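Subject: Handing over the structure

Hi there,

Here is the structure I promised to pass on to you. Please open it alongside this note, and we can talk once you have had a look.

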Amino acid sequence: LPARIVSACAQAGVRRLLHMSALGVQAGGEQSLPSMYLRSKAAGERTVREARALDWTIFRPSVVFGPHDAFLNLFAGLQAWLPLMALARAHARFQPVFVSDVAQAFANALDARSTFDGCYELAGPEVFTLRELVALAGQYSGHRRPILALPDALGRLQAAALEFAPGPTLMSRDNFDSMAIDN
């Protein structure tokens with residue numbers, strides 16, 4: 001997709017590109033990062049950085065939360081009907097950033113020449129473990145449940161089962177792999 005966007009910019013004469021990547025990505029990480037998701041984000045960044053005709057800015061947000069997010073709201077919804085939260089990678093660390101703050105960073109950078117060819121990590125003011133975030137989601141939704149931290153072998157098995165379960169994918173083995181590094 002980033003290659004298509006860079007190509008479309010060139011064809012349309014667009015010079016400015018703001019690119020959304022992900023926290024945890026490292027330049028040149030296409031082979032070394034633990035998940036396909038992160039490796040694909042690194043490849044997308046490389047494509048943008050190599051686009052010499054563009055004035056680009058790359059943003060690497062942590063997990064983004066807000067009123068209708070698919071992260072904290074998922075855990076809040078699950079706790080409304082599950083008696084217990086069996087949680088893979090409960091120790092994974094996140095520094096969630098509010099959606100409005102991400103939007104403001106994009107707006108601030110749009111015309112700021114000082115951000116051209118720059119890469120910015122976007123994160124909120126606090127670091128939480130996944131366990132703590134799930135507990136907060138349960139508390140704020142009024143459905144706090146006990147949390148059982150799974151060992152990695154069971155967590156990977158849970159991720160594989162959820163990956164192939166009918167309906168929207170709640171978790172995949174690639175999500176599990178992504179949580180091997182702090183976000």
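A residue is called buried when its relative accessible area is under 20%, exposed when it is over 50%, and partly exposed in between. Arg173 has a relative accessibility of 32%, so this residue counts as partly exposed. Please keep in mind that this is a predicted model.

I looked mostly at salt bridges, and the structure holds 10 of them. Let me walk you through three.

Arg173 is a good place to begin, as its side chain forms a salt bridge with that of Glu163, at 2.9 Å from N to O. This pair links distant parts of the chain: Arg173 sits in helix α7 (residues 173-178) and Glu163 in helix α6 (residues 152-164), 10 residues apart. Glu163 is partly exposed too, with a relative accessible area of 24%.

Next, have a look at Arg60 and Glu121, whose side chains meet in a salt bridge of 3.9 Å, N to O. Here strand β2 (residues 55-61), which holds Arg60, is linked to strand β7 (residues 118-122), which holds Glu121, and the two residues are 61 apart in the chain. Is Arg60 buried or exposed? With 8% relative accessibility, Arg60 counts as buried, because that value is under 20%. Glu121, on the other hand, is exposed, since its relative accessible area of 53% is over 50%.

This pair also belongs to a network: Glu45, Arg49, Arg60 and Glu121 are linked by salt bridges. You may like to display these four residues together.

The third pair is Arg46 and Glu50, with a salt bridge between their side chains at 4.0 Å, N to O. Arg46 is partly exposed at 38% relative accessibility, and Glu50 is partly exposed as well, with a relative accessible area of 47%.

One last spot, away from the salt bridges, is Pro151. Where does Pro151 lie? Pro151 is in the loop between β9 (147-149) and α6. Its relative accessible area is 49%, so Pro151 counts as partly exposed. Along the chain, Pro151 and Ala88 are 63 residues apart, while 7.1 Å separates their C-alpha atoms.

Happy to go through any of this with you whenever it suits.

Best wishes

Key. Residues numbered from 1 in each chain as written. Predicted model: local features only at pLDDT ≥ 70, side-chain atom pairs only at ≥ 80, totals over all residues. Heavy atoms only, no water. Buried < 20%, exposed > 50% of the residue type's maximum accessible area, 1.4 Å probe, protein only. Helix = DSSP H or I, 4+ residues; strand = E, 2+ residues; numbered from the N terminus.
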